[in-house]
2 protein chains.
Amino acid sequence: MRRDVFQAIADPTRREIIDLLARNPQNLNSIADNFTISRPAISKQIKILTQCGLVIVTRQGREHYCSANLKKFNEVAAWIEQYRVFWNNKLDALGDFLEKEAEVDKRSPMK
Amino acid sequence: MRRDVFQAIADPTRREIIDLLARNPQNLNSIADNFTISRPAISKQIKILTQCGLVIVTRQGREHYCSANLKKFNEVAAWIEQYRVFWNNKLDALGDFLEKEAEVDKRSPMK
DNA sequence: CCTATGTATAACCATTCGGTTACGCAAATT
DNA sequence: AATTTGCGTAACCGAATGGTTATACATAGG
């Protein structure tokens, strides 16, 4: 079973879960409150997210506290960033050009 | 049928095709030479990539010339970059919040 | 004109995905 | 002790995914 970050963020529900957890960690029921799908469905998505390391679950009594482990995005960011040079002039993935980059950002590359 | 960039890059074969096309545009047979799977399989993946705008195909006679349209990565990059503040001190994607960001990091939600 | 080339597409297949309902279990509450 | 709460998991389901082989078709070259 392929379980990598690229595949994990392919599903919009999982991206929404990440969004929620990045803002504030919470248990499974709190997460499920934000969706119309069933709690077991959320549980499955959380499982996928933990299997690829994007979410970390710590048990506190009977509650399973979920938090986002966003460092895992490095893998995706690195892959995407290597192509940024092809669609604008930024080279921010290399981390050496922060000053130059600030100026580049002024003429925002977003469509 | 959901057809977005997030889902398109979830498959490793499609990422590899993007890699090839970013380096140099080429027709379908040239792409297929790099894989063990059949040509129709590649054709299907190309179709998915074109449907979400990541690849652009122009016909030249009987050859279908494929090139990567990497601007489409903006969507993914923007989503990922909003979280960068949570895993390191750079805010290179937004560029406007360097000071605020330093404070936010203090009460980092990361475990 | 005939053949070879480059590609798309249809039909099919096994597997995975994303959801459901039903059930079980441990921890908290009463 | 009994009940409620929070959660996981099993069994199931329809649809999507990612591959295959066979076929068709337009274009290029002999």
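**A colleague's note on the helix pair, the DNA strands and the sheet**

1. A good place to begin is the meeting of the two protein chains, where H5(A) passes H5(B) in a left-handed crossing. Left-handed here says that the near helix is turned anticlockwise from the far one by less than a right angle. The names H and S stand for DSSP runs, helices (H or I) of at least four residues and strands (E) of at least two, numbered from the N terminus. Helix H5 spans residues 73-81 in chain A and in chain B, and the two axes come within 10 Å and cross at roughly 145°. Axes are lines fitted to C-alpha atoms, for helices over the stretch in contact, and angles run from 0 to 180 degrees between N-to-C directions.

2. Before going on, please keep in mind that this is a predicted model, in which local features need pLDDT of at least 70 and side-chain atom pairs count only at pLDDT 80 or more, while totals for chains, interfaces and linings use all residues. Residues are numbered from 1 along each chain as its sequence is written, chains are lettered from A and ligands numbered from 1 in the order in which they are written, and side-chain values use heavy atoms, with hydrogens and water left out.

3. Which residues meet where the H5 helices touch? A:Phe73, A:Val76, A:Ala77, A:Trp79, A:Ile80 and A:Glu81 in H5(A) are in contact with B:Phe73, B:Val76, B:Ala77, B:Trp79, B:Ile80 and B:Glu81 in H5(B) (contact means heavy atoms within 4.5 Å). Ten of the residues in this contact are nonpolar, none is polar and two are charged. In this grouping Ala, Val, Leu, Ile, Met, Phe, Trp, Tyr, Cys and Pro count as nonpolar, Asp, Glu, Lys and Arg as charged, and the others, Gly among them, as polar.

4. Now to DNA strand D, which is surrounded by 25 residues, the closest being A:Arg39, B:Gln7, B:Ser38, B:Lys44 and B:Gln45 (a residue is near a strand if one of its heavy atoms lies within 4 Å of it). These residues divide into six nonpolar, nine polar and ten charged. H4(A) gives the largest share of this surface, five residues. Of the strand D atoms within 4 Å of the protein, 67% belong to sugar or phosphate and the rest to bases.

5. Some polar contacts (pairs of N or O atoms within 3.5 Å) are worth a look on strand D. A side-chain N or O atom of B:Ser38 is 2.4 Å from a phosphate oxygen of the strand, and one of B:Gln45 is also 2.4 Å from a phosphate oxygen. B:Arg62 instead has a side-chain N or O atom 3.1 Å from a base oxygen of strand D.

6. DNA strand C has 24 residues around it, with A:Ser38, A:Lys44, A:Gln45, B:Asn29 and B:Arg39 as the closest. A:Arg14 places a polar side-chain atom 3.0 Å from a phosphate oxygen of this strand. B:Arg62 appears here too, with a side-chain N or O atom 3.1 Å from a base oxygen of strand C. H4(B) supplies the largest share of the surface, five residues.

7. Last comes the sheet of chain B, an open one with three strands in the order S1-S3-S2 and antiparallel pairing (strands pair if DSSP finds at least two bridges between them). S1 (26-27) and S2 (55-60) stand at the edges with a single partner strand each, so one side of each is left without a neighbour in the sheet. Six bridges join S2(B) to S3(B), and B:Arg59 has B:His64 in S3(B) as its bridge partner. H2(B) packs on the sheet, touching S1, S2 and S3 of chain B, and its direction makes about 95° with that of S3(B).

Methods. A polar contact is a pair of N or O atoms within 3.5 Å; within protein, one must be able to donate a hydrogen and the other to accept it, and residues adjacent in sequence count only if both atoms are side-chain atoms.
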